[in-house]
Amino acid sequence: MKRIILAAAMSCIAASAYADGAVTGAVGGAATGAIVGGPVGAGVGAIVGGVAGATIDPPPAEVVTYVQQAPVPQQPVVVQERVKVGVALPSDVVVTPVPENPQYGYVIMGQERVIVEPQTRKVVQVIQ
């Protein structure tokens, strides 16, 4: 009984710590974890699913279209490390906001167009 209560509490904490896709990930992870590992697996699955769901929500289609059509800047943007989804860009990289949806920004680096969350500078999607 203690395991079930612990798993339920962990699921609630994980789900409340994230929004939208993360909640979906937490619920899906909890269900999968429960099937594989019982109540403890449900708790672990909720946390893992919540984290995975928080990092893979794609931006709206209109944001992707806007970034795909944005003109290439005159000054090339160069980043030493490989750009990955979920990883923040360096502070010296200028992020241009998407006018119609300011919760997203973008950077154009050579052939890659990178959609970024401006507040955290985390990469949301890389368009090649």
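Tyr66 is partly exposed in this predicted model, its relative accessible area being 33%. The ring of Tyr66 is paired with that of Tyr106. The two rings meet edge-to-face, with 6.0 Å from centre to centre and 70 degrees between their planes. That angle counts as edge-to-face because the planes are over 60 degrees apart. The count of aromatic pairs in the model comes to one.

The partners belong to separate elements: Tyr66 sits in helix 3 (residues 61-69), while Tyr106 is part of strand 2 (residues 105-109). These parts are 40 residues apart in sequence, so the pair ties them together. Tyr106 has a relative accessibility of 9% and counts as buried, whereas Tyr66 is partly exposed at 33%.

Ahead of strand 2 comes a loop that starts after strand 1 (96-97), and Asn101 lies in this loop. Asn101 is buried, with a relative accessible area of 16%; it falls in that class because the limit is under 20%. Leaving aside residues up to four places away in sequence, Asn101 touches Pro60 and Val63.

Glu100 is also placed in the loop between strand 1 and strand 2. Is Glu100 buried or exposed? Glu100 is exposed, and its relative accessible area is 75%. Between Glu100 and Glu62 there are 8.8 Å in space, taken from C-alpha to C-alpha, and the two are 38 residues apart in sequence.

Methods:
Residues are numbered from 1 along each chain as its sequence is written. This is a predicted model: local features need pLDDT of at least 70, side-chain atom pairs count only at pLDDT 80 or more; totals for chains, interfaces and linings use all residues. Side-chain values use heavy atoms; hydrogens and water are left out. Rings of Phe, Tyr and Trp (its six-membered ring) pair if their centres lie within 6.5 Å; planes under 30 degrees apart count as stacked, over 60 as edge-to-face and the rest as tilted. Helices (H or I, at least four residues) and strands (E, at least two) are DSSP runs, numbered from the N terminus. Buried means under 20% relative accessible area, exposed over 50%, partly exposed in between (1.4 Å probe, protein chains only). Contact means heavy atoms within 4.5 Å.
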